[in-house]
Amino acid sequence: MQTSDKTARQLYDEFKANPTRKRFGFGRMPALINIDLQKAYTGVGEFATAYETDPKQVDYVNELAAAFRERGFPVVWTYVAYMASGEDCGVWGTRSDTPDSLQNIKVGSRRAEFDDRLKIDQVRDIIVNKRMASAFFETNLGSIFTFHGDDTIVITGGSTSGCVRATVVDSLSRSFRTIVAEECVADKHESPHFANLYDMAVKYADVLPVAEVLQHIRQMAPAAGAAR
């Protein structure tokens, strides 16, 4: 194992300045997954579980979602929420049992609600209640993306070291070209945030500035039959 006195942020910044891997790149048909942008994780000052990395994260996510819709590309929003017993959280929910615990985000609760700042199209967008870290685990996203012919997945949301990373790994494992919009992902602590951006950039995804992602999406041809 190599040792270093550099911070995770420094390692990530060095990789960005001098990447050692070629990009996966965009394919022909992208989809957007916005992970768990719900009040439990975005309501800073209201919930102890909430966090913020880039103060413009929600604005950027809204821009991405609008650009995807304009081209007729799928837009997905996930959230976590559990039944009253919490048993659908499984063993993941057994490590603690406080009002802030994961399994105590109940269906219909304020913690389960999407952030009020988000612009979600309740008719066109795809909303998924996921129970585990990855957006793909025991959800119908795989079949939805097959139906649309998607080959590229752009990912936003939180947390960088948890549900974002799990979704990125599952996305690549399904042979999707995987893109992380850098300013659109967040974590509670700096070190795991940048450590996971670094690790994903080296192994599993293209970690790109949101401006670059937006520029690419806006230049793509619309999906067949897309309403403009």
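The largest cavity in this predicted model has a volume of about 30 Å³. Just one cavity of 30 Å³ or more turns up in the structure. Its walls are made by Asp36, Leu37, Tyr41, Thr42, Tyr51, Gln57 and Gly158. Sorted by class, that lining of the largest cavity comes to three nonpolar, three polar and one charged residues. Rolling a probe the size of a water molecule over the atoms is what reveals empty space of this kind.

Now for the open spaces. The largest pocket has a volume of about 510 Å³. It is lined by 20 residues, and Tyr41, Thr49, Trp92, Leu102 and Ser159 are the ones closest to its centre. Tyr41 is worth a second look, since this residue lines the largest cavity and also lines the largest pocket. The pocket lining is a mix: seven nonpolar, eight polar and five charged residues.

The second largest pocket has a volume of about 320 Å³. Here 18 residues form the lining, with Phe15, Pro19, Arg23, Val207 and Leu208 closest to the centre. If you want to find this pocket by its secondary structure, look to α1, α6 and β6 (206-208), each of which supplies at least two residues of the lining. What classes of residue make up this lining? Eleven are nonpolar, seven are charged, and no polar residues take part.

Strand β6 brings us to the sheet. Six strands form an open sheet in the order β3-β2-β1-β4-β5-β6, and the pairing is parallel. At the edges stand β3 (126-130) and β6, each with a single partner strand, so one side of each is left without a neighbour in the sheet. On average, neighbouring strands are turned by 25° against each other, direction ignored.

Let's step inside the sheet and follow β1, which sits between β2 and β4 in the strand order. On one flank, β1 (residues 30-35) runs parallel to β2 (residues 75-80), and four bridges join the two. You can pick out individual pairs along this seam: Ile33 has Val76 as its bridge partner in β2, and Asn34 stands opposite Trp77 of β2. On the other flank, β1 pairs with β4 (residues 152-158) over six bridges, again in the parallel sense. There, Leu32 stands opposite Val154 in β4.

Is β1 buried or exposed? Six of its six residues are buried, so the strand is largely enclosed by the rest of the structure. Both faces are covered: Pro30, Leu32 and Asn34 are buried on one side, and Ala31, Ile33 and Ile35 are buried on the other.

Next, the charged side chains. The structure holds 18 salt bridges. Take Glu190 and Arg9, whose side chains meet in a salt bridge at 2.6 Å, N to O. Glu190 belongs to helix α6 (residues 190-203) and Arg9 to helix α1 (residues 8-17), so to speak two distant parts of the chain, 181 residues apart. Both ends are partly exposed, Glu190 with a relative accessible area of 44% and Arg9 with 38%.

Helix α1 has another such link, this time through Lys16. Glu182 forms a salt bridge with Lys16, and their closest N and O atoms are 3.3 Å apart. Glu182 lies in strand β5 (residues 177-186) and Lys16 in helix α1, so the pair ties together parts that are 166 residues apart in sequence. The two partners differ in setting: Glu182 counts as buried at 14% relative accessibility, whereas Lys16 is partly exposed, with a relative accessible area of 42%.

Helix α6 also reaches out through Asp199. This residue forms a salt bridge with Arg165, with 2.8 Å between the closest N and O atoms. The link runs from Asp199 in helix α6 to Arg165 in helix α5 (residues 160-173), 34 residues apart. Asp199 counts as buried, because its relative accessibility is 15% and the cut-off for buried is under 20%.

Some of the charged residues go beyond simple pairs. Lys39, Glu46, Arg110, Glu113 and Asp116 are joined into one network by salt bridges that share partners.

How values were computed
Residues numbered from 1 in each chain as written. Predicted model: local features only at pLDDT ≥ 70, side-chain atom pairs only at ≥ 80, totals over all residues. Heavy atoms only, no water. Salt bridge = Lys/Arg side-chain N within 4 Å of Asp/Glu carboxyl O. Buried < 20%, exposed > 50% of the residue type's maximum accessible area, 1.4 Å probe, protein only. 1 Å grid on protein atoms, 1.4 Å probe; cavity = no way out; pocket = protein on both sides within 12 Å on 5 of 7 lines; lining within 4 Å. Points joined across faces, edges and corners; volume = space filled by probe spheres on them. Nonpolar A, V, L, I, M, F, W, Y, C, P; charged D, E, K, R; others polar. Pairing = 2+ DSSP bridges. Axes fitted to C-alpha atoms, helices over the stretch in contact; angles between N-to-C directions.
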